[in-house]
Amino acid sequence: MAALIELENITKSFAGIHALSGVNFSLVAGECHALCGENGAGKSTLIRILGGEMRPEGGVIRIDGAEVRLSGPTDAIDRGVSIIHQEMALAPDLTVAENIFLGELPFRIGWAELNRRAADLIARLGFDIPPRTLVHDLSVAHQQVVEIAKALSRRARIIVFDEPTAVLSIGDANRLLDIIRGLRAEGVGIIYISHRLDEIFAIADRVSVLKDGRNAGEVTPDSADVDTLIRMMVGRPLSQLFGDKPETEIGEEVLRVEDLELPNGIGGVSFSLRKGEVVGLGGLVGSGRTEVARAIFGADPIRSGTMTLHGQPYRPQSPKQAVRRGVNLVPEDRKGQGIVLDMGINKNMTIARTEAITRLGFFRAAREKAVVRKLIDSLRIKLGAPSDPVSSLSGGNQQKVVLAKWFHSDGDVVILDEPTRGVDVGAKTEIYSLIHRMAAAGKAVLIISSEHAELFGLCDRVLVMGEGRLRGELGPDDFTEEKLLTLSISGRTRTRTKEVSA
C-alpha cells in the first residue's frame with residue numbers, strides 16, 4: 001500500500017545539538033503508527049516538522065508519494081495533516097461550532113448551517129454535544145472531541161494525537177481510543193504519541209521508537225512486549241524502573257484519619273500513615289481519591305471526622321495551614337495547581353518556604369542561589385538557567401520542580417497525586433528514586449496513581465477506594481490488578497489467606 005507520509009533521513013539541529021539525526025518514519029492509510037521515546041528523544045521536533053512548524057535541515061518529506069516542502073502549518077493543513085497537541089488549541093469563550101470552523105468562517109455567517117455541520121461532525125464521532133455550547137463549559141474529554149471534529153472539518157487524512165489521554169479518566173481514554181479505531185476504519189492515518197504503553201499496545205499497528213534523535217527500532221504489538229519497548233527507550237527493563245527500595249524502618253504514626261466525611265458524599269475514610277512508609281491510594285478515577293487528598297491538605301472542606309498529626313488534632317482550613325504543619329501535596333493538575341508557569345524555576349522551588357531564604361524579612365539572593373542549586377543537583381533537573389520560566393522545561397522536569405518545592409518545604413507528610421502523569425519512562429524512574437529517598441528520610445508518603453504497576457512497585461500497602469468509600473487494603477501478597485479492581489468495584493476480594501471486605 002502506498003504511504004500517505006514518508007519522512008526520510010530527517011535531520012534538525014538547535015544551537016549545534018542534533019535533535020534529529022537521519023530519522024525515518026512512514027504512515028499508510030487506515031494505520032495507527034505509534035511514536036515512542038523519552039522526553040528529548042525527538043518526537044516533538046519530528047511532529048513539528050510534519051506539521052510545517054519547522055523546516056528540516058536535511059532529508060525528504062513525501063505526501064502521497066510526492067516530495068513536498070511545507071511552507072508552514074497552513075500548508076500542512078491544506079495537504080491533509082492535522083495535529084492535536086496535548087495543550088488543546090481551543091478558544092474557551094467561543095462555541096463548539098465556532099471552534100470547529102475557526103479560520104474558515106465567512107464574513108456573513110449562516111449560524112443554522114454552521115451549527116448543523118458541527119452537529120454532524122460530532123455525531124460522526126458518536127457524541128451529542130450541543131454546537132452552541134461554550135467550550136469552557138465542556139469537560140476535557142468533550143474538548144478533545146471538538147479538537148477531532150475540527151480536524152475532520154479540514155478533511156484531514158493524517159491526524160497526529162500527542163499525549164491525548166494524559167488528563168483523561170480511564171473511561172474517557174477508552175472512548176477516545178474507540179474514536180481513533182473508527183477513524184482508522186475510515187482510512188484516516190493516525191500517528192499516536194503516548195507515554196502510556198498499555199494504550200500503545202491497545203491501538204497501534206506499528207510502533208517506532210526514537211532515542212537521542214535517532215531511530216531506535218520499529219516493532220509491532222504482536223512481536224514485542226512492554227519490556228522490549230522500555231529497553232529500546234531507556235536501555236533497561238520494566239522490572240528495574242522502580243529501583244531497589246531501600247531498607248527503611250517503618251516508624252511511629254504520623255497522620256491518622258478517622259471517619260472522614262466530605263460535603264460531596266465521600267465518606268467512611270479511615271487510615272493512618274507512618275514514618276518511612278509509602279502507602280498507595282488506588283481505585284477507579286472518580287472514586288474520591290483526589291478529594292480525600294485535597295481535604296487532608298486543607299484545599300477542600302470537611303463535613304465531619306477527625307485527623308491527628310503526630311498525635312495532635314489536625315484540621316487545616318487552608319493549604320497554607322497544612323504546609324505550616326508539615327503536610328505537602330503534589331497535585332494532580334501540575335500546570336494549574338502545582339507550579340506558576342511564567343515564574344522562574346528558582347522562585348517556584350522556594351515559594352513554599354520563603355523563610356529559609358530571608359533574614360529579618362530581607363531576601364537573601366546568595367542563600368536562594370545555594371538552595372536552588374542544591375535542589376537542581378539533587379533532583380537532576382535539566383534546565384537552561386534557574387531564572388528561566390518553568391514553562392521552558394519538559395513535562396518531566398516541570399514535575400521535578402514541583403517535587404523540589406516540597407523537598408525544600410521539608411514536611412513530614414507528602415501526598416503525591418498522579419506523580420508521573422504525562423512524563424516519559426526515564427523521568428518516571430528518577431521520580432521513583434525521589435520517592436524512595438523521601439521514605440528513607442522518614443517522610444510518610446501517600447501516592448495516588450491510576451497506574452497499578454506503579455502502586456505495586458512503590459508501596460508497602462495499598463488502600464483501595466470505590467464509589468466515595470474506602471473499600472479496604474491490600475498487602476504485598478495481594479498486589480494484583482484483579483484484586484485491586486474487584487475491591488474497588490465490589491468492596492470484596494478473596495485472597496489466599498483471608499477475605500478483605502470494606
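Tutor: Before we begin, a residue counts as exposed when its relative accessible area is over 50%, as buried when that area is under 20%, and as partly exposed in between. The model we are discussing is a predicted one.

Student: Is Arg-359 buried or exposed?

Tutor: Arg-359 sits in strand β17, which covers residues 358-359. Its relative accessibility is 57%, and the cut-off for this class is over 50%. Arg-359 therefore counts as exposed.

Student: Which residues gather with Arg-359 in a patch of positive charge on the surface?

Tutor: The place of Arg-359 is in strand β17, and its relative accessibility of 57% makes it an exposed residue. The residues that gather with Arg-359 in this surface patch of positive charge are Arg-364, Arg-367 and Lys-374.

Student: Turning to helix α5, how far apart are its end C-alpha atoms, and what span should its residues give?

Tutor: Helix α5 runs over residues 140-153 and has 14 residues. The expected span is 1.5 Å times one less than the number of residues. The span expected for α5 agrees with the separation of its end C-alpha atoms, since both values are 20 Å.

Student: How many of the 14 residues of α5 are buried?

Tutor: The buried residues of α5 include nonpolar ones such as Val-145, Val-146, Ile-148 and Leu-152, but also Gln-143, Gln-144, Glu-147 and Lys-150. The helix is largely enclosed by the rest of the structure, because the number of its 14 residues that are buried is twelve.

Student: Which residue, found in the loop between α5 and β7, should I look at next?

Tutor: In that loop, which leads from α5 to strand β7 (158-162), there is a residue to examine for its backbone. This residue has a positive phi of about 60 degrees although it is not a glycine. With a relative accessibility of 70%, it counts as exposed, and the residue is Arg-155.

Student: And what is the phi of Glu-163, and is that residue buried or exposed?

Tutor: Glu-163 is found in the loop between β7 and α6 (170-185). Its phi is positive, at about 50 degrees, although the residue is not a glycine. Because the relative accessibility of Glu-163 is 7%, and the cut-off for this class is under 20%, Glu-163 counts as buried.

Student: Which residues form a nonpolar patch on the surface, with about 250 Å² of accessible area together?

Tutor: One member of the patch lies in helix α17, which covers residues 481-490. That member has a relative accessible area of 55% and is therefore exposed. The residues that form the patch are Ile-170, Leu-284 and Ile-489.

Student: How many salt bridges does the structure hold?

Tutor: Among them is the one between Glu-199 and Arg-196, whose side chains meet at 3.4 Å, N to O. Another joins Arg-256 to Glu-258, with the closest N and O atoms 3.0 Å apart, and there is also a network that links Glu-31, Arg-206 and Glu-218. The number of salt bridges in the structure is 26.

Student: Asp-478 and Lys-483 also meet in a salt bridge; what is its N to O distance?

Tutor: Asp-478 is buried, because its relative accessible area is 9%, and Lys-483 is buried as well, because its value is 15%. The side chains of Asp-478 and Lys-483 meet with an N to O distance of 3.4 Å.

Student: How far apart in space, C-alpha to C-alpha, are Ile-351 and His-408?

Tutor: Ile-351 lies in the loop between α12 (345-350) and β17, and with a relative accessible area of 43% it is partly exposed. In sequence, Ile-351 and His-408 are 57 residues apart, while in space their C-alpha atoms are separated by 9.2 Å.

Student: By what distance are the C-alpha atoms of Thr-308 and Val-257 separated?

Tutor: Thr-308 has its place in strand β14, residues 304-309, and it is partly exposed with a relative accessible area of 23%. Along the chain, Thr-308 and Val-257 are 51 residues apart, whereas their C-alpha atoms are separated by 6.8 Å.

Definitions and conventions. Residues numbered from 1 in each chain as written. Predicted model: local features only at pLDDT ≥ 70, side-chain atom pairs only at ≥ 80, totals over all residues. Heavy atoms only, no water. Patch = residues over 30% accessible without salt bridge, like charges linked within 9 Å, V, L, I, M, F, W, Y side chains within 5 Å. Areas by Shrake-Rupley, 256 points an atom, 1.4 Å probe, with all protein chains shown as cover. Salt bridge = Lys/Arg side-chain N within 4 Å of Asp/Glu carboxyl O. Lys, Arg positive; Asp, Glu negative; His and termini not counted. Charge placed at Lys NZ, Arg CZ, Asp CG, Glu CD. Helix = DSSP H or I, 4+ residues; strand = E, 2+ residues; numbered from the N terminus. Buried < 20%, exposed > 50% of the residue type's maximum accessible area, 1.4 Å probe, protein only.
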